[in-house]
Structure formats: C-alpha cells, structure tokens
Amino acid sequence: MSDTPPGSPNPDSPDFDALTRDIAEVPAVEVIVTVAVNLMSAAAVKLGLTDEGDKYKDLDEARKLVTALAGLLDASATEISSFHAAPLRDGLKSLQLAFREASLVRDEPGQGPGEKYTGPVYG
C-alpha cells in the first residue's frame with residue numbers, strides 16, 4: 001500500500017505536463033535529427049559495429065532500422081537543411097555499406113536496406 005493520499009500526485013510517476021512543455025520547446029529539426037541519430041545507433045549495434053561485435057548482431061533488425069532511417073531522411077531532407085542532412089546521409093550510406101559487407105546473401109543493387117529511398121549504394 002502507498003502512503004500517498006488518494007488524488008495526490010505519485011512522486012514516482014513522471015510529470016507528463018512538464019514533459020509536454022519540454023517537448024513543445026524543442027524545434028522540429030532537433031527532434032528529427034535526434035530520432036535519426038537513435039536509428040543510426042541502433043542499426044550500428046544490430047550490424048555488430050560496436051565493441052561487443054557479434055553479440056547483438058541481427059541483420060534482419062538492422063535492415064528494418066536502416067530502411068526506417070532512409071525513409072525518415074528522404075521525407076525530411078528539405079525540412080532539416082543540408083547542414084543537418086549531409087552528415088546523416090553519410091552515416092546512412094556507411095550503414096548501408098556495412099550491411100552489404102555483413103550480409104552473406106547479397107542484395108541486388110537497389111534492393112538493399114533503404115535503397116528504395118536512396119537509390120543503389122556502391123562502395
């Protein structure tokens with residue numbers, strides 16, 4: 001049982017009003033770039049590119065993450081400016097090439113993860 005009287009805020013639960021106010025102050029570009037970086041990081045882990053190597057490697061999961069990243073960058077490229085988009089596109093290409101290298105079964109050019117958004121990726 002809790003010692004908190006009914007109707008009182010629970011000190012262990014998040015303050016959703018404060019979180020909503022915080023996110024309202026974040027520019028859309030920053031949200032998009034943050035999501036893109038998170039997708040890139042998750043894809044790198046699933047590609048086995050971290051210190052742990054193959055421990056978390058899962059190419060099926062990596063394909064999904066790289067494709068989602070490519071879709072996000074394709075959809076938001078005109079919104080986030082080339083200042084933000086260029087390094088994200090470079091990171092995406094690196095992940096696509098890493099996927100191609102890690103995969104035992106080669107995708108046809110244009111069929112790799114995210115290539116429906118980026119076009120074929122060559123090393």
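This passage describes helix 2 and its surroundings, followed by a surface patch and a residue of helix 3, in a predicted model.

Helix 2 comprises the 19 residues 28-46, and its length can be checked against the rise expected for each residue. At 1.5 Å a residue, a helix of this kind should span 27 Å, and the C-alpha atoms at the ends of helix 2 are indeed 27 Å apart, so the expected and computed spans agree. Within helix 2, the residues Val33, Ala36, Leu39, Met40, Ala43 and Ala44 are buried. Because these residues cover an arc of only 135° around the axis, they lie on the same side of helix 2. The partner of this buried set is helix 3, residues 59-102, against which the buried residues of helix 2 pack. After helix 2 comes Gly48, a residue with a positive phi, near 80°.

A second feature concerns the surface, where Ile23, Val31 and Val35 make a nonpolar patch of about 230 Å². Of these residues, Ile23 belongs to helix 1, which covers residues 16-24. The relative accessibility of Ile23 is 52%, and Ile23 therefore counts as exposed, the cut-off for that class being over 50%.

A further backbone feature is found at Ser81, which is located in helix 3. Although Ser81 is not a glycine, its phi is positive, at about 70°. With a relative accessibility of 36%, Ser81 falls between the limits of 20% for buried and 50% for exposed residues, and so counts as partly exposed.

Note on methods: Residues are numbered from 1 along each chain as its sequence is written. This is a predicted model: local features need pLDDT of at least 70, side-chain atom pairs count only at pLDDT 80 or more; totals for chains, interfaces and linings use all residues. Side-chain values use heavy atoms; hydrogens and water are left out. Helices (H or I, at least four residues) and strands (E, at least two) are DSSP runs, numbered from the N terminus. The expected span of a helix is 1.5 Å times one less than its number of residues. Buried means under 20% relative accessible area, exposed over 50%, partly exposed in between (1.4 Å probe, protein chains only). The arc is that of the directions from the helix axis to the C-beta atoms. Contact means heavy atoms within 4.5 Å. Patches are made of residues with over 30% relative accessible area and no salt bridge: like charges are joined within 9 Å, nonpolar side chains (Val, Leu, Ile, Met, Phe, Trp, Tyr) within 5 Å. Accessible areas come from the Shrake-Rupley method with a 1.4 Å probe; for residues, only the protein chains shown count as cover. A salt bridge is a side-chain nitrogen of Lys or Arg within 4 Å of a carboxyl oxygen of Asp or Glu.
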